Amino acid sequence: MNSDDELAGQLRGGDEKALRAAYDLYGAAVLYLAQRLLGNRADAEDVTQLTFVAAWTGRDTFDPARGSLLGWLLGIARRKAVDRLRSAARSDRIAETILAQLPLAEPPETPDRIVDRLIVADELGRLPEDQRRTLELAFFDDLTHPQIAAVTGLPLGTVKSHIRRGMANLRRRWEVDGGTSGSRSAGPTRAL
């Protein structure tokens, strides 16, 4: 009986010193295989530890007639590394799925956009209530003219007239207040 066979017999018999001896003899080979498969030293060390824990708990399954102790340990290490890769791939897929369902981050507000929004809000506040309400429903709530008519209870023609008059009032106010001077376009606009 050579030393490998003796070591295997002692390990199968439950001798903890045999486990330590097996680790001292084959731990580097198991670590090397795990690192080659995983590409990560920390994960390879975890797989090496898991391999020897599994070898200890499953020591009754080792059959020297089917192969060497090293071959058996490397087989366990390979399965543990593959399990680790599958687990990481599953985690990546879950993370990708979650990220795909998250709303895209809105770009940060620029000072010009903030000023524009304040000006528009101020100008909307100066409009008659019926015009302001229909414009808010059309542009901020993104409702169609028939939907606005249904929400407000106004006839469709009245909704269209309020929107048209409200836009005209905003355009006039914008031009009178100097909203078109400076960095903004001096030409006429069709919409907000």
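The side chains of D43 and R84 meet in a salt bridge, with 3.1 Å from N to O. D43 sits in helix α3 and R84 in helix α4 (residues 69-101), so this pair ties together parts that are 41 residues apart in sequence. Keep in mind that this is a predicted model. The notes below start from that pair and work outwards.

**The D43–R84 pair and its network**
- D43 comes out as partly exposed, at 25% relative accessibility.
- Its partner R84 is partly exposed too, with a relative accessible area of 24%.
- The pair isn't on its own: D43, D46 and R84 are linked in a network of salt bridges.
- As general background, side chains of opposite charge can pair when their charged atoms come close.

**How α3 and α4 pack**
- Two packed helices are described by the angle between their axes and the distance between the axes.
- For α3 and α4, the axes come within 9 Å and cross at roughly 130 degrees.
- That angle makes α3 oblique to α4, since oblique takes in what is left once roughly parallel (under 35 degrees), roughly antiparallel (over 145) and roughly perpendicular (65 to 115) are set aside.
- As for handedness, the α3/α4 crossing is right-handed.
- On the α3 side, the contact residues are D43, D46, V47, L50, T51, F52, A54 and A55.
- Facing them from α4 are W72, L73, I76, A77, K80, A81 and R84.
- So the salt-bridged D43 and R84 also turn up among the residues where the two helices meet, and D46 from the network is on the α3 contact list as well.

**T48, also in α3**
- T48 is another residue of helix α3.
- T48 is buried, with a relative accessible area of 4%, and the cut-off for buried is under 20%.
- Setting aside neighbours within four places in sequence, T48 is in contact with Y23, G27, V30, L31 and A34.

**Other salt bridges**
- The count for the model comes to seven salt bridges.
- One of them joins the side chains of E45 and R41, at 2.9 Å from N to O.
- E45 and R41 both belong to helix α3 (residues 41-57) and are four residues apart, about one turn of the helix.
- Both ends of that bridge are partly exposed: E45 has a relative accessible area of 40%, and R41 has 44%.
- R132 and E129 make another side-chain salt bridge, this time at 2.3 Å from N to O.
- R132 and E129 are three residues apart in helix α6 (residues 129-140), which puts about one helical turn between them.
- R132 counts as buried at 18% relative accessibility, because the buried class runs under 20%.

**G9 and R59**
- G9 lies in helix α1, which covers residues 3-12.
- G9 is partly exposed, with a relative accessible area of 44%.
- G9 and R59 are 50 residues apart along the chain, and their C-alpha atoms are separated by 9.6 Å.

**The annotated domain**
- UniProt, in an unreviewed entry, places the feature "domain: RNA polymerase sigma-70 region" at residues 23-90.
- Over residues 23-90 the chain is 81% helix and 0% strand.
- The C-alpha atoms at the two ends of that stretch are 31 Å apart.

How values were computed:
Residues numbered from 1 in each chain as written. Predicted model: local features only at pLDDT ≥ 70, side-chain atom pairs only at ≥ 80, totals over all residues. Heavy atoms only, no water. UniProt positions renumbered as here; feature names shortened; annotations may be inferred. Buried < 20%, exposed > 50% of the residue type's maximum accessible area, 1.4 Å probe, protein only. Salt bridge = Lys/Arg side-chain N within 4 Å of Asp/Glu carboxyl O. Axes fitted to C-alpha atoms, helices over the stretch in contact; angles between N-to-C directions. Left-handed = near helix turned anticlockwise from the far one by under 90°. Contact = heavy atoms within 4.5 Å.
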